[in-house]
Amino acid sequence: QVQLVESGGGLVQPGGSLRLSCVASGSIFSINDMGWYRQAPGKERELVATITSGGSTNYADSVKGRFTISRDNAKKTLYLQMNSLKPEDTAVYYCYSYIQTIQGRHLEVWGQGTLVTVSS
């Protein structure tokens, strides 16, 4: 099957930086749009950033200018560089992707999430 595995979360002080990674594996023929969502305690999941297969990006207003989404298609890896982190960025971050499998199936795949805590 196909899976996404995130890494890079942790505890960071306000103003600090973290880089999240999300690696896709399995019977993958092609990877289309990818992105990051986050869910803070007691809140709904919200979109953070997206990136198309061609590299076009889109960001939530709350992270524009601080976060950068990128991807390495050869490594089947998605990244989220987070700078100038704020306590309100504390959340579980999930990556997702639209993937076509070798068998021809079109799937929306989600990772298990990685916790980012911004606190002094």
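How much surface does the protein expose, and what percentage of it do carbon and sulfur atoms supply? In this predicted model, the protein exposes about 6300 Å², and 47% of that area is supplied by carbon and sulfur atoms.

**The whole chain**

Begin with everything selected and displayed as a cartoon, where you will find 11 strands and 0 helices, so that you can follow the chain from the N terminus as β-β-β-β-β-β-β-β-β-β-β. Taken along the principal axes, the C-alpha atoms fill a box of roughly 50 × 25 × 25 Å. The radius of gyration is 14 Å, which agrees with the value near 14 Å that a compact globule of 120 residues would have. If you colour by accessibility, buried residues make up 42% of the 120 residues. Among the contacts with a separation of 6 or more, 57% are between residues 24 or more positions apart.

**The four-stranded sheet**

Next select β1, β3, β8 and β7, which in that order form an open sheet of 4 strands with antiparallel pairing. The strands at the edges are β1 (2-7) and β7 (67-72), and because each has a single partner strand, one side of each is left without a neighbour in the sheet. Neighbouring strands of this sheet are turned by 15° against each other on average, direction ignored. Strands of a sheet pair through backbone hydrogen bonds, either parallel or antiparallel.

Keep β1 and add β3 (residues 18-26), which runs antiparallel to β1 and is joined to it by 6 bridges; one pair to pick out is glutamate 6, whose bridge partner in β3 is cysteine 22. Now show the side chains of β1, which alternate along the strand: Val2, Leu4 and Glu6 point to one face and are buried, whereas Gln3, Val5 and Ser7 point to the other face and are not buried.

**Two loop residues with positive phi**

Move to the loop between β7 and β8 and select lysine 76, whose phi is near 50°, a positive value in a residue other than glycine. Most residues other than glycine have a negative phi. Lysine 76 counts as partly exposed, because its relative accessibility is 32% and that class lies between 20% and 50%.

Then go on to serine 84, in the loop between β8 and β9, where phi is again positive and near 50°. With a relative accessibility of 42%, serine 84 also counts as partly exposed.

**Threonine 90**

Stay in the loop between β8 (77-82) and β9 (91-101) and select threonine 90. A polar atom of the threonine 90 side chain lies 2.9 Å from the backbone oxygen of proline 87, and the side chain also reaches the backbone nitrogen of valine 118 at 2.9 Å. Leaving aside neighbours within four places in sequence, you can display Ala40, Pro41, Val116, Thr117 and Val118 as the residues in contact with threonine 90.

**Arginine 45**

For the last stop, select arginine 45 in the loop between β4 (28-39) and β5 (46-51). Is arginine 45 buried or exposed? Arginine 45 is partly exposed, with a relative accessible area of 35%. Not counting residues up to four places away in sequence, arginine 45 touches Tyr37, Arg38, Gln39, Tyr94 and Trp110. To end, draw a distance from the C-alpha of arginine 45 to that of glutamine 100, which are 25 Å apart in space and 55 residues apart in sequence.

How values were computed. Residues numbered from 1 in each chain as written. Predicted model: local features only at pLDDT ≥ 70, side-chain atom pairs only at ≥ 80, totals over all residues. Heavy atoms only, no water. Pairing = 2+ DSSP bridges. Axes fitted to C-alpha atoms, helices over the stretch in contact; angles between N-to-C directions. Buried < 20%, exposed > 50% of the residue type's maximum accessible area, 1.4 Å probe, protein only. Contact = heavy atoms within 4.5 Å. Rg over C-alpha atoms; globule rule 2.2 N^0.38 Å. Areas by Shrake-Rupley, 256 points an atom, 1.4 Å probe, with all protein chains shown as cover. Polar contact = N/O pair within 3.5 Å; in protein donor to acceptor, adjacent residues only side chain to side chain.
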